[in-house]
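Okay, thanks everyone, I'll keep this brief. Have a look at the structure first, and then I'll walk you through a cavity, a sheet and a helix.

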Amino acid sequence: MTSLGTPSSYKGRGATYDPHNRFAPTRSEEEDDGWWREEASTTIATEVREEVSKSALSWNRSPDLPFDRSLNPYRGCEHGCVYCYARPSHAYWDLSPGLDFETKLIARSGLVERLSEELCHPNYVCRPINLSGNTDCYQPLEATYKTTRRLLELLLECRHPVTLVTKSTLVLRDLELLAEMAEHRLVRVFVSLTSLDANLKRTLEPRAASPQARLRAIRELNTAGVPVGALISPVIPGLTDHEIEKLLEAASRAGARTAAWMLLRLPYEVAPLFEAWLEAHYPERAAKVMSLMRQCRGGKAYDAKFGKRFRGEGVFADLIAQRFARASRQWNMQDRTEQGLNTRDFRPPRAQQDLFI
């Protein structure tokens, strides 16, 4: 795979280049042959293609996760968060986890129909479904496709509980629907907060909502009666960890009642992408940030072991955990939980109509 050049940044994008697709059978690299050529553009348009869904639910057995099933309406994410742990999944579609991940998106068609079929399976057992297990279900693409809204309408119809994580204010478009689900104890929303620094956000999460906009989303969700929590993620040592207490305070004042945190994860291609981003935007901090990350990961950039991948280990990781716990107690924040959601009223889609067939 050929890179698009090596500018320090692309307008409105998080990644600074396209790393090689590790599944590609061949590899190509640009070489300067001395001939004049036009300077690479710093603007990249978003491309979208559709994929016909063969299934809806993704299943996991991870002891680190509070859910065992998830729904992902879109592959890739235009928010462009440079740290996104989902970036390596784009390689499965013969695309790069770098700029391709945030500019070459895949919208899954037929997802509502596949979900309806799976919920009708006689062996299906109702437990909360997580929306956005991989990429944000309310990324800009949702404004056009409205797949997330149609999924929520189906889940409300059959009284199936759902949790969702987002960093987009587009969630407020569905406020009335989410409030109705909340009346039946069918929904919990978690808003991802990384930093209160708008300047940092512009390069770290270039097309995501601003910190103040996310706090407004928490406030409006809470006012509408929708249970809402804050996900302080990722905590980046040496870059955002000093904001933990302020983030929890801001979330609590906005109306969040639960909170959780995750340490920065750098699997596969994400590590070199993040290091390149640091060198481009925060060169004076790059060495310190990566040193602290390795201290939290047993000397490596990342450790994928269960029990360690979300929180890390070592003195610095333990200090983060202690600070988060103390601030959570101060602001009366409860731990994130899927407990308490209503699974007893679930009825498979079209169950009533089936009686007349």
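So, what lines the largest cavity? You've got Leu 193, Thr 194 and Ser 195, then Lys 201 and Glu 205, and finally Pro 211 and Arg 214. Sort that lining by class and you get 3 charged residues, 2 polar and 2 nonpolar. The space inside comes to about 40 Å³. And searching the whole structure turns up just 1 cavity of 30 Å³ or more. Keep in mind, this is a predicted model.

Next, the sheet. It's an open one, with 3 strands in the order S1-S5-S4 and mixed pairing. The edges belong to S1, residues 47-52, and S4, residues 74-75; each has a single partner strand, so one side of each is left without a neighbour in the sheet. S4 pairs with S5, residues 104-109, in the antiparallel sense, over 2 bridges. If you want to find that on screen, go to Arg 75: its bridge partner in S5 is Ile 106.

Last stop, helix H11, which runs over residues 315-330. From first C-alpha to last, its 16 residues reach 23 Å, close to the 22 Å expected at 1.5 Å a residue. Which residues of H11 are buried? Those are Phe 316, Ala 317, Ile 320, Arg 323, Phe 324, Ala 327 and Ser 328. They span an arc of only 130 degrees around the axis, so they sit on the same side of H11. Flip to the other side of H11, and Val 315, Gln 322, Arg 326, Arg 329 and Gln 330 are exposed.

Terms used. Residues numbered from 1 in each chain as written. Predicted model: local features only at pLDDT ≥ 70, side-chain atom pairs only at ≥ 80, totals over all residues. Heavy atoms only, no water. Pairing = 2+ DSSP bridges. Helix = DSSP H or I, 4+ residues; strand = E, 2+ residues; numbered from the N terminus. 1 Å grid on protein atoms, 1.4 Å probe; cavity = no way out; pocket = protein on both sides within 12 Å on 5 of 7 lines; lining within 4 Å. Points joined across faces, edges and corners; volume = space filled by probe spheres on them. Nonpolar A, V, L, I, M, F, W, Y, C, P; charged D, E, K, R; others polar. Expected span 1.5 Å × (residues − 1). Buried < 20%, exposed > 50% of the residue type's maximum accessible area, 1.4 Å probe, protein only. Arc of directions from axis to C-beta.
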